[in-house]
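Trainee: I have just opened this entry and would like a guided look at it. Could you take me through it step by step?

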There are 2 protein chains.
Amino acid sequence: MVLTRKTPTIQDVALRAQVSSATVSRVLSAPERVSEKTRERVNAAVRDTGYSINQAARSLRMKTARTLLMVAPNIGNPFYSVILDAVIDEAQKRGYGVLVGTNIGLDPGRWLTDYLLSTRADGLLLFHGGLDPEDLHTFAREEGISLPVVASYDEPPAPLVTSVVTDNRAAAARAVRYLMQLGHTKIGHLAGPVRNNRPNERLLGFEEAMTAANLPLNPAWILPGNYDQPGGIAAARAILALTERPTAMFCGNDESAFGFIHGLREGGVECPRDISVIGFDDVGQAEIYHPTLTTMRQPREDLGRVATRRLIDIIEKRETPTDPVHVVLPAELIIRESTRALDSSGR
Amino acid sequence: MVLTRKTPTIQDVALRAQVSSATVSRVLSAPERVSEKTRERVNAAVRDTGYSINQAARSLRMKTARTLLMVAPNIGNPFYSVILDAVIDEAQKRGYGVLVGTNIGLDPGRWLTDYLLSTRADGLLLFHGGLDPEDLHTFAREEGISLPVVASYDEPPAPLVTSVVTDNRAAAARAVRYLMQLGHTKIGHLAGPVRNNRPNERLLGFEEAMTAANLPLNPAWILPGNYDQPGGIAAARAILALTERPTAMFCGNDESAFGFIHGLREGGVECPRDISVIGFDDVGQAEIYHPTLTTMRQPREDLGRVATRRLIDIIEKRETPTDPVHVVLPAELIIRESTRALDSSGR
DNA sequence: TTCCCGAATGTAATCGATTACATCGTTGCG
DNA sequence: CGCAACGATGTAATCGATTACATTCGGGAA
């Protein structure tokens with residue numbers, strides 16, 4: 001901001017209202033501590049001067065930035081962008097701004113340093129982003145910092161860090177069971193990435209459901225993916241190259257499911273005619289893709305809102321959550337066109 | 001941030017390096033002004049103490065936040081999220097953070113106040129968001145503020161505000177001409193919203209191309225939209241209800257094109273068999289939708305990067321761009337499956 | 001009437017980095 | 001040898017809001 005005239009400060013307001021700056025400050029943060037008459041005078045002065053608080057000064061004094069930092073691997077993915085929307089909205093309601101960082105890939109130390117230790121942000125909303133919450137925790141501990149973090153992952157949550165997650169394993173199992181209900185037994189899985197050396201929960205859910213139903217896990221049908229479209233296309237090619245193909249595929253997320261279906265189609269194999277596909281997330285596109293996508297809906301907006309609320313609570317209570325909370329939100333099966341029942345002959 | 005031990009300040013570093021805090025500050029911001037020997041000593045002390053600058057103090061003193069504010073109507077739209085990604089990356093390179101605001105819908109005054117005048121952000125990246133850059137300019141002028149803003153719109157840019165835009169009108173005309181090349185003459189348009197009382201450039205481009213080719217503008221084929229899927233679906237229904245339908249449709253953006261194609265399909269009308277559709281943006285989905293979408297590719301990443309660079313330049317040069325720059329980036333026609341040529345009989 | 005108490009308000013220190021200005025020591029030149 | 005000039009560094013004021021502590025004032029109780 002380049003100002004051609006100076007912004008009014010709290011002193012200017014005080015002068016105009018004929019009180020001290022302390023009183024103005026009180027009117028603004030603890031109105032009940034000031035007599036009604038003065039309060040009105042001050043409020044009028046605030047209006048007249050067009051005063052707006054200087055956040056930098058406030059932050060310096062209070063050691064608080066009223067700002068959250070959200071980190072996601074790739075905001076470009078519609079999955080995260082809806083969450084971001086919710087985060088911003090919720091934060092705004094509580095008077096916080098939202099800084100966004102992406103996939104920094106640098107060491108967490110420098111990173112945290114830049115944002116958190118420098119009074120730029122008061123807490124961290126972690127939606128992946130190559131930061132292992134456990135590492136973070138360790139780092140913070142070594143530095144003698146108690147760092148407000150809320151994580152939202154699809155791996156099992158780090159026990160030491162407050163988290164808000166979907167029940168990925170259960171939801172994955174539900175998806176797979178739905179395919180079974182449709183008569184499928186030859187079921188494959190396009191997996192998500194393995195992050196932070198933790199098992200992928202959706203893969204676990206898949207394995208769990210298959211095993212529980214006494215169905216074989218065919219390694220050729222379990223493909224590595226990265227939750228993106230190209231991965232889906234590559235997986236489709238891999239499947240097309242097989243002589244024996246699955247009749248149904250559980251894809252780790254919608255993006256990769258779209259890629260997969262597209263890849264199949266390029267090879268002349270149609271979904272759901274030849275292969276049923278179920279996704280995960282229920283992004284906006286799922287409803288209008290062709291075929292419309294059967295998927296497990298994640299309550300993305302809720303994820304964002306709940307995570308934000310929790311983070312602000314942690315920040316404002318100024319309590320180290322020695323016993324972190326793990327909120328688990330349910331996912332919902334959304335049935336659409338991309339899955340079909342096999343008839344009695346198994347076709 | 002809750003600290004269990006205090007963060008090292010510049011004083012601590014000074015103490016350890018046996019110099020004054022002024023010298024430490026110099027080493028950090030103007031190393032050449034300090035002798036090599038002292039410089040090394042200070043750098044070592046910085047490392048030893050794990051010092052990281054207190055942004056709030058710096059901001060207070062320098063009246064600068066090293067932060068940009070990006071405003072977009074709806075980050076959930078993949079169009080904006082890719083831009084955001086680029087903005088964040090570019091800003092980070094220059095040492096800036098990115099605050100994100102959405103569709104506030106409040107009056108620009110209060111809004112600006114909260115962010116810009118309060119030393120929270122140094123400049124504004126405006127990707128719509130219900131703020132008219134002209135209003136902003138006026139507001140700022142009245143307040144005696146010179147406000148660094150870069151806008152990226154699909155309306156004609158406000159002459160007073162620096163902007164980085166795609167050449168929407170030319171690109172729209174190009175899209176329409178392509179449809180004509182394929183033999184289409186009955187061409188409709190699913191328009192974008194009218195914002196800030198300015199004509200929609202893509203609509204203008206459409207009209208321009210039609211008129212130039214002496215083709216009639218059928219009002220029943222020019223439908224209002226909002227750049228979103230539901231609008232596309234609604235438009236499809238409207239078209240389906242007509243006895244005489246266009247053979248090709250130019251949709252204002254990809255999102256609405258997807259909705260439109262989907263809506264057609266629900267009514268048993270296939271794209272491109274019955275109606276060709278061309279979109280605008282080239283979002284990630286365009287490449288794997290079924291049919292894959294012919295569209296005008298906007299250089300979204302470039303938009304984000306260029307806008308960010310320009311904004312930072314404005315901020316750092318501390319110059320009021322009395323003669324604002326308007327960067328225009330070209331769009332590119334991407335031909336895919338959703339458009340087909342009519343044969344000689346016009347089918 | 002005097003004294004105490006509490007509500008309302010003021011005074012001034014404080015947060016941490018930047019920077020104008022002052023100081024000190026060298027070097028170079030007349 | 002003396003002094004100017006310059007480079008390196010230190011001193012201290014400053015940015016604007018918060019808040020611990022001090023002050024003032026009025027009312028009620030003894």
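Mentor: Certainly. In this predicted model, a polar side-chain atom of Arg61(B) is placed 2.8 Å from a base oxygen of DNA strand D.

Trainee: Which elements give two or more residues to the surface near DNA strand D?

Mentor: They are helix H2 (21-29) and helix H4 (55-62) of chain A, together with helix H2 (21-29) and helix H4 (55-62) of chain B.

Trainee: What about phosphate oxygens of DNA strand D, and which side chain lies 2.8 Å from one?

Mentor: An N or O atom in the side chain of Ser25(A) lies at that distance from a phosphate oxygen of the strand. Ser20(B) also has a phosphate oxygen of DNA strand D 2.8 Å away, but there a backbone N or O atom is involved.

Trainee: How many residues surround DNA strand D?

Mentor: There are 25, and the closest are Ile10(A), Tyr51(A), Arg61(A), Arg26(B) and Thr38(B). By class, that surface has 10 nonpolar, nine polar and six charged residues. Of the strand's atoms within 4 Å of the protein, 61% belong to sugar or phosphate, and the rest belong to bases.

Trainee: Now the other strand. Which residues are the closest to DNA strand C?

Mentor: Arg26(A), Thr38(A), Ile10(B), Tyr51(B) and Arg61(B) are the closest, out of 26 residues that surround DNA strand C. Sugar and phosphate make up 61% of the atoms of DNA strand C that come within 4 Å of the protein.

Trainee: Which backbone atoms lie at 2.8 Å and 2.4 Å from its phosphate oxygens?

Mentor: A polar backbone atom of Ser20(A) is 2.8 Å from a phosphate oxygen of DNA strand C, and for a polar backbone atom of Ile10(B) the distance is 2.4 Å. On the base side, a backbone N or O atom of Ala57(B) is 3.5 Å from a base nitrogen of DNA strand C.

Trainee: Which element gives the largest share of the surface near DNA strand C?

Mentor: H4(B) does, with five residues.

Trainee: Let us leave the DNA. How do the axes of H8 and H9 of chain B cross?

Mentor: The axes of helix H8 (residues 168-181) and helix H9 (residues 201-212) of chain B come within 7 Å and cross at roughly 45 degrees. H8(B) and H9(B) are therefore oblique to each other, and their crossing is right-handed.

Trainee: Which residues meet there?

Mentor: Among them are Ala172(B), Val176(B) and Met180(B) in H8(B), and Leu204(B), Phe206(B) and Met210(B) in H9(B). The residues of this contact divide into eight nonpolar, two polar and five charged.

Key: Residues are numbered from 1 along each chain as its sequence is written. Chains are lettered from A and ligands numbered from 1 in the order in which they are written. This is a predicted model: local features need pLDDT of at least 70, side-chain atom pairs count only at pLDDT 80 or more; totals for chains, interfaces and linings use all residues. Side-chain values use heavy atoms; hydrogens and water are left out. Axes are lines fitted to C-alpha atoms, for helices over the stretch in contact, and angles run from 0 to 180 degrees between N-to-C directions. Helices (H or I, at least four residues) and strands (E, at least two) are DSSP runs, numbered from the N terminus. Angles under 35 degrees count as roughly parallel, over 145 as roughly antiparallel, 65 to 115 as roughly perpendicular and the rest as oblique. A crossing is left-handed if the near helix is turned anticlockwise from the far one by less than a right angle, and right-handed if clockwise. Contact means heavy atoms within 4.5 Å. Ala, Val, Leu, Ile, Met, Phe, Trp, Tyr, Cys and Pro count as nonpolar, Asp, Glu, Lys and Arg as charged, and the others, Gly among them, as polar. A residue is near a molecule or strand if one of its heavy atoms lies within 4 Å of it. A polar contact is a pair of N or O atoms within 3.5 Å; within protein, one must be able to donate a hydrogen and the other to accept it, and residues adjacent in sequence count only if both atoms are side-chain atoms.
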